[in-house]
Every structure is written in structure tokens, then in C-alpha cells.
Amino acid sequence: LILRGISIEVGGHIGEPMWRTAWNFIFVVANLLLAILIGAALGNIVRGVPLNADGKFALAFFTNFSPYGNVGILDWFTVSVAVFMLVTFAAHGATALVLKTEGPVHDRSLRLARRLWKIVLLLLALVTFETWRVRPELFSGMTPKPIAWLGLVGVIIGAVMIFTGLRGKGELRAVLGSSLFIAGLMIAGAASVFPIMLHSTLAPENSLSAYKNAAAGHGLVIALIWWPIAFILSIGYALFIYRYYLGKVKASEDTQNLY
């Protein structure tokens with residue numbers, strides 16, 4: 001996150017091509033690592049961690065690369081989820097570039113988005129199968145949860161919006177579908193995991209649930225007050241940025257001036 005912000009800030013202070021290229025490269029690498037980190041962290045939450053009876057755990061970088069027992073941060077399951085999230089975010093970004101650009105960049109982004117979303121669907125099927133192997137109880141626990149089904153509906157509708165939007169002129173529809181697809185995955189996943197917030201790969205009885213490990217009532221009340229305020233501020237900021245940068249980015253308007 002720090003490298004991402006720094007590269008945006010200082011990349012335009014010097015007109016030397018090598019300076020700008022270096023910071024552009026750092027920006028790309030930082031975003032790649034961030035996507036991989038998010039995916040690996042998500043994989044650890046779904047798979048679980050080696051919680052002992054005291055509710056404590058320690059994770060090596062990797063152990064025997066197995067998602068069972070005394071696991072590490074990386075194994076074949078968490079790596080799969082990390083790759084899936086990386087490709088999904090890349091597809092989402094390419095779809096957004098289709099909406100925001102024109103000319104050669106638009107055409108390249110469109111071709112890339114179409115290819116990446118096909119790969120995303122294949123990886124989604126693979127990760128779904130792997131999740132069933134690692135945590136089969138998540139699928140049986142999803143059945144009585146309407147929110148989980150709502151998330152799955154969002155994934156399906158989002159996928160339809162993506163492919164129909166990229167096939168025609170529905171660029172905005174494709175971006176909205178991409179956002180709905182990712183949101184649907186998060187909603188379905190969170191609903192399936194709940195109420196177990198941290199699963200133990202050593203013994204299921206060591207797992208931490210939302211009910212047994214919730215904060216005190218006073219802390220929850222404070223969170224309930226501040227969370228909607230923070231959420232409204234976040235949505236307001238996103239809408240402001242969207243309106244400020246409304247429309248396509250035109251190459252003719254990019255003067256590459258120093259700032």
C-alpha cells in the first residue's frame with residue numbers, strides 16, 4: 001500500500017523517462033503483490049489456521065504445502081485462491097479501462113478483459129472444487145442461509161452483465177457486473193463461513209466463533225455507531241471521485257506535465 005501511494009505521488013516530479021518508468025514498474029508490482037496478499041489472506045480465512053485449545057496459533061511461511069493439520073501461510077489451496085483473486089482483480093481493472101479509455105488502449109483492454117474473464121470462470125470452478133475438498137461443511141452450511149444464496153445470485157447476474165457488456169457497447173454494464181460479481185463472491189463466502197470466524201485446522205472444537213469471541217457490549221455499540229458513519233464517508237468519497245473523473249480519459253488531454 002505504501003509503495004502504491006508513493007509511486008503515484010513522486011512519479012511525476014521528475015521528467016526523466018527512467019525515473020517515470022521505474023515508478024510505473026513499482027506501481028505495477030505493488031498492485032500485483034497487494035492482490036496476491038489479499039487472495040492468500042482470504043484463502044487462510046476459508047481454510048483455517050492451526051488454532052490450539054488456548055485460541056493461539058503461529059504460522060510458518062509454509063510447512064508441507066498441505067491445507068490440513070499444522071498448516072503454513074502458503075499451501076496449494078491458499079496459492080490457488082491468491083491466483084484466482086489476482087486474475088479476478090486484473091479482469092476487473094481491464095474492464096474498467098474499457099469504460100475509461102478510447103483508441104488503442106481501449107481495444108487492448110477489451111481483448112484482455114474478454115480473455116481474463118474466461119480464465120476467471122475456469123479458476124472459480126477450480127477454487128470451488130478445492131474449497132469443497134478443504135471445507136466441505138461450508139457448502140452444507142450455505143443451504144439455510146438466504147444471504148449466501150443472494151451472493152450466488154449476484155455472482156451469476158454479474159457474470160451475465162460482464163459478458164453481455166463486453167460483447168456489445170455496454171461498457172458501464174460490464175463494470176457494474178464486475179463489481180457485482182466480486183461483491184457476490186464476498187457475500188456468499190462470508191455468509192458460508194459465519195459464525196465461525198477463524199477455523200482451526202488442528203481440531204474443530206478450537207475454532208473461534210462470532211458469538212463466543214465477540215467484543216463486550218459497549219464496544220459493539222460504539223462500532224455500530226461509527227461503522228455507518230465511516231461507510232457513508234467512504235461511499236461519498238467514491239461518488240465524488242467518480243463524478244470528478246466522469247467520462248473517458250483522452251490521450252490528447254494528457255500533457256505529461258510535471259507536478
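This passage describes how two helices pack in a predicted model and what lines its two largest pockets.

The helix pair comes first. Helix α3, spanning residues 76–100, packs against helix α7, spanning residues 171–193, with the two axes 8 Å apart and at an angle of about 155 degrees. Since angles over 145 degrees count as roughly antiparallel, α3 and α7 are therefore roughly antiparallel to each other. Their crossing is left-handed. On the α3 side, the contact is made by F84, M85, T88, F89, H92, T95, A96, V98 and L99. The partners in α7 include L172, V175, F181, I182, L185 and M186. Sorted by class, this contact holds 13 nonpolar residues, five polar ones and one charged one.

Helices α3 and α7 also help to line the pockets. The largest pocket encloses about 2,100 Å³ of space. Its lining has 45 residues, and R4, G93, A96, L97 and K100 are the closest to the centre. At least two lining residues come from each of α2, α3, α4, α7 and α8, with α3 giving the largest share, 10 residues. The lining is made up of 29 nonpolar, nine polar and seven charged residues.

The second largest pocket holds about 700 Å³. Among its 26 lining residues, V46, T131, L185, A188 and G189 lie nearest the centre. Two or more residues are given by each of several elements, including α2, α5, α6 and the strand β1 (196–198). Here α7 contributes the most, with seven residues. By class, the lining of the second largest pocket has 22 nonpolar and four polar residues, and no charged ones.

How values were computed:
Residues are numbered from 1 along each chain as its sequence is written. This is a predicted model: local features need pLDDT of at least 70, side-chain atom pairs count only at pLDDT 80 or more; totals for chains, interfaces and linings use all residues. Side-chain values use heavy atoms; hydrogens and water are left out. Axes are lines fitted to C-alpha atoms, for helices over the stretch in contact, and angles run from 0 to 180 degrees between N-to-C directions. Helices (H or I, at least four residues) and strands (E, at least two) are DSSP runs, numbered from the N terminus. Angles under 35 degrees count as roughly parallel, over 145 as roughly antiparallel, 65 to 115 as roughly perpendicular and the rest as oblique. A crossing is left-handed if the near helix is turned anticlockwise from the far one by less than a right angle, and right-handed if clockwise. Contact means heavy atoms within 4.5 Å. Ala, Val, Leu, Ile, Met, Phe, Trp, Tyr, Cys and Pro count as nonpolar, Asp, Glu, Lys and Arg as charged, and the others, Gly among them, as polar. On a 1 Å grid over the protein atoms alone, a cavity is a set of points where a 1.4 Å probe fits but cannot get out, and a pocket is an open set with protein on both sides within 12 Å along at least five of seven lines; lining residues have an atom within 4 Å of a point. Grid points are joined across faces, edges and corners, and a volume is the space filled by probe spheres set on the points.
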